[in-house]
Amino acid sequence: MNDNHGHMREGFTTTLGVLAATLGSAVGLGNIWKFPSMTGQNGGAAFVFVYLLCVLLIGLPVMISEFIIGRRAQANNVGAFRKLETAGRAPWHLTGVAGVAAAFLIMFFYTGVAGWVYAYAFKALTGAFSGVTAAETADIFSTYIGSAAGPLAWQWIVLVTVSAIIIAGVTKGIERMTKTLLPILFVLLLICNIRALTLPGAGAGVEYLFRPDFTKVTAPVVLAALGLAFFKLSVGMGTMTTYGSYIGRRENLPSNALKVAFADTLVSLLAGLAIFPAVFAFGFEPDAGPSLLFITIPAVFQTMPLGQLFLTMFFVLAAIAATGAMISLLEVPVAYLTEEHGWSRVKATLLSAAAMGTVGALATLSTSVLSETLVFGRTFFDLFDFLSSNIVLPVGGILICLFVGWKLGPKAIADEASNGGSIRNAAVLRVFTFVVRYVAPVAILLVLLNGLGVIKA
Ligand code: PHE
C-alpha cells in the first residue's frame, strides 16, 4: 500500500513480530526506572494498586482504540485522524499533532536517562563498580549526573543508535530488533529477582510492594498513577496508532493489546521485586526517586559471584529496553514527516533526532549546571516529565477515546476489532465501546482535574 507521497508502506510481518514491536515500545525505562521510583515516592503498594486499576480500566481501552485508528486508516498519527474524520468539521487531526509534539517532549528527557543507562553499562563493563560498597554506589551516581559532558555525550550516542535503527526501517529495524532482545531481558530480570529476594532482610521490600496503606492515596497520587499507566503502555499520543498502522489485517487487535498490557505489567512488578527487597536489605530509602535504579542495582550485584558480569548484562538489557521504547517514540514524527510532508526517512529521522538532542540537553543538564534553573517551579527535566505524563497523555487519551467511541462509533469498532466479524468477540466489544464512550473519558477527566487541584472531590 502506498501513502500520499507514493512511498511503499512497510509493516510488521508476523503475529509474533506485532507483539514484539508493540511490547518493545511499552517495555522500557518506564518499567525498570519510573515504576520503582514512583512507587517508592508515592508510598508503595497502594500506589501499585491504583496503577493496576488505571492500566486495566483506562490504559488498555486507549491502546485498543489507537490500534483501531491506526490500522483502519493505514497512516501516521496525523494522517490517520485526517482520513477518518472525513467531512467532519471538528479538527480531530490536531489530536495527532499534539501526539507528535508529545513524542518530542518525552524524548527530551527519556534520551537523557537512557544515556545514564548506556553509561552505566559501559562503567559496569570496565569494572567501575568492582569492590565498591553499597554506600559508594550512591556517590558514583551523584558524581556522574552532577557532571555535564559525560551525560550529554551519552545522550547523543543514544540518539545516533536509535536513529540508525529507525533508518533501517519498520521490518528490518524495529521488528527484528525487538523480537530477539525482549526474551533475553526477561530472563535477566528473573536472575535479578532471585538474587534480590534471597538477600537477608528482603521480606520488607516485598511487603512494601504488596501491602497497601490507602491513607497514602491522595488526588495527585492518583493522577501520577494514571500518568504512569499512559506512559508505561505508550498510549495517549499516537505511538500505538502509528504501530497499529503497521499491523496486518488478520491480526487480533484486542488480544494483542491485552497481551501487551499484561506482559508489560509483569515486567514492572518483576523490576519492583528486583529493586525493593535490595533497597530494604541495604538500608536505602525507598523514596530516592530517579536515582533508585542506579544506586541499588549496582549495590545488589556487588554482593554476588560474577557480579560484574551480571551488572553489565543488566544495564545492557535496560539499554535495550529503553532503545525499543525510543524507537517507537522517534517513529511517530518520522512517519508523520515522511507521509504528510514527503520528507525522506533519513532526513525526517536525523532532523527529529537533532531537535530532540538539542532541547533534550536542557533536561540532561538539570542535574548539573541547570539544577537551579526552575520553570514553573520545576527543573526542565521534571517539567518535560510532568507535562507529558500528567497532562498531554491524559488529554490525548480522552480525545482518542471520544474519537473512537463517538466519531468512528460502534459499527466501525465492531468491524475493525473483529476483523470484519471473523473473530467472535461481540460481547467484549460491547463492553469496550461502553468504556471508551463513557467510563474512560469521564474517569480521566475527573482524575486530571482533581490531581491538578482544579476541582476537589
Ligand atoms: N512505554 C515506554 C516506557 O515505559 C515509554 C513510552 C511512552 C514509549 C510513550 C512510547 C510512547 O519506557
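**Reading helices, burial and salt bridges**

Biologist: Which residue follows helix 5, and what is the sign of its phi?

Modeller: Helix 5 is followed by Gly 127, and the phi of this glycine is positive, near 80°. Please keep in mind throughout that we are reading a predicted model.

Biologist: How many residues does helix 5 have, and what end-to-end distance should they span?

Modeller: The general idea is to allow 1.5 Å a residue and then to compare the expected span with the distance between the end C-alpha atoms. Helix 5 runs over residues 93-125, and its 33 residues should span 48 Å; since the end C-alpha atoms are 46 Å apart, the two values agree.

Biologist: Where is the kink in helix 5 centred?

Modeller: The kink is centred on Met 107 and amounts to about 35°, so a reader following helix 5 should take its end-to-end agreement together with this local bend.

Biologist: Is helix 5 mostly covered or mostly uncovered?

Modeller: A residue is called buried when its relative accessible area is under 20%, and by that reading 26 of the 33 residues of helix 5 are buried, which leaves the helix mostly covered. Tyr 120, which has its place in helix 5, is a case in point, counting as buried because its relative accessibility is 0%.

Biologist: Which residues does Tyr 120 touch, once its sequence neighbours are left out?

Modeller: Not counting residues up to four places away in sequence, Tyr 120 touches Phe 129, Ile 140, Phe 141, Tyr 144, Phe 294, Pro 298 and Phe 315. Separation along the chain and separation in space should be read as two quantities: Tyr 120 and Ala 318 are 198 residues apart along the chain, while their C-alpha atoms are separated by 9.9 Å.

Biologist: Which residues of helix 4 are buried, and which helices do they pack against?

Modeller: Helix 4 covers residues 77-85, and seven of its nine residues are buried, namely Asn 77, Val 78, Gly 79, Ala 80, Phe 81, Leu 84 and Glu 85. These buried residues pack against helix 3, helix 5, helix 11, helix 14 and helix 16.

Biologist: Which residues form the nonpolar patch on the surface?

Modeller: Phe 49, Leu 53, Leu 56, Leu 57 and Phe 214 form that patch, and together they have about 490 Å² of accessible area. Leu 56 is found in helix 3, residues 45-73, and it counts as exposed because its relative accessibility is 55%, the cut-off for that word being over 50%.

Biologist: How many salt bridges does a search of the whole structure find?

Modeller: The search finds eleven. One of them joins the side chains of Arg 9 and Glu 339, at 2.8 Å from N to O. This pair links distant parts of the chain, 330 residues apart, with Arg 9 in the segment before helix 1 and Glu 339 in helix 14. Arg 9 counts as buried at 9% relative accessibility, and Glu 339 counts as buried at 6%.

Biologist: Which residue forms a salt bridge with Glu 416?

Modeller: Glu 416 forms a salt bridge with Arg 72, and their closest N and O atoms are 2.7 Å apart. Glu 416 lies in helix 16 and Arg 72 in helix 3, so that the pair links parts of the chain 344 residues apart. Here the two ends should be read separately, because Glu 416 counts as buried at 5% relative accessibility, whereas Arg 72 is partly exposed at 28%. Both residues also belong to a network of salt bridges that links Arg 71, Arg 72, Arg 249, Asp 415 and Glu 416.

Biologist: Where in the chain is Asn 252, and what is it in contact with?

Modeller: Asn 252 lies in the loop between helix 11 (239-244) and helix 12 (253-281), and it counts as partly exposed because its relative accessibility is 25%. Leaving aside its neighbours within four places in sequence, Asn 252 is in contact with Asn 419 and Ile 423. The C-alpha atoms of Asn 252 and Ala 281, which are 29 residues apart along the chain, are separated by 44 Å.

Terms used: Residues are numbered from 1 along each chain as its sequence is written. This is a predicted model: local features need pLDDT of at least 70, side-chain atom pairs count only at pLDDT 80 or more; totals for chains, interfaces and linings use all residues. Side-chain values use heavy atoms; hydrogens and water are left out. Helices (H or I, at least four residues) and strands (E, at least two) are DSSP runs, numbered from the N terminus. The expected span of a helix is 1.5 Å times one less than its number of residues. The bend at a residue is the angle between axes fitted to the seven residues ending there and the seven starting there. Buried means under 20% relative accessible area, exposed over 50%, partly exposed in between (1.4 Å probe, protein chains only). Patches are made of residues with over 30% relative accessible area and no salt bridge: like charges are joined within 9 Å, nonpolar side chains (Val, Leu, Ile, Met, Phe, Trp, Tyr) within 5 Å. Accessible areas come from the Shrake-Rupley method with a 1.4 Å probe; for residues, only the protein chains shown count as cover. A salt bridge is a side-chain nitrogen of Lys or Arg within 4 Å of a carboxyl oxygen of Asp or Glu. Contact means heavy atoms within 4.5 Å.
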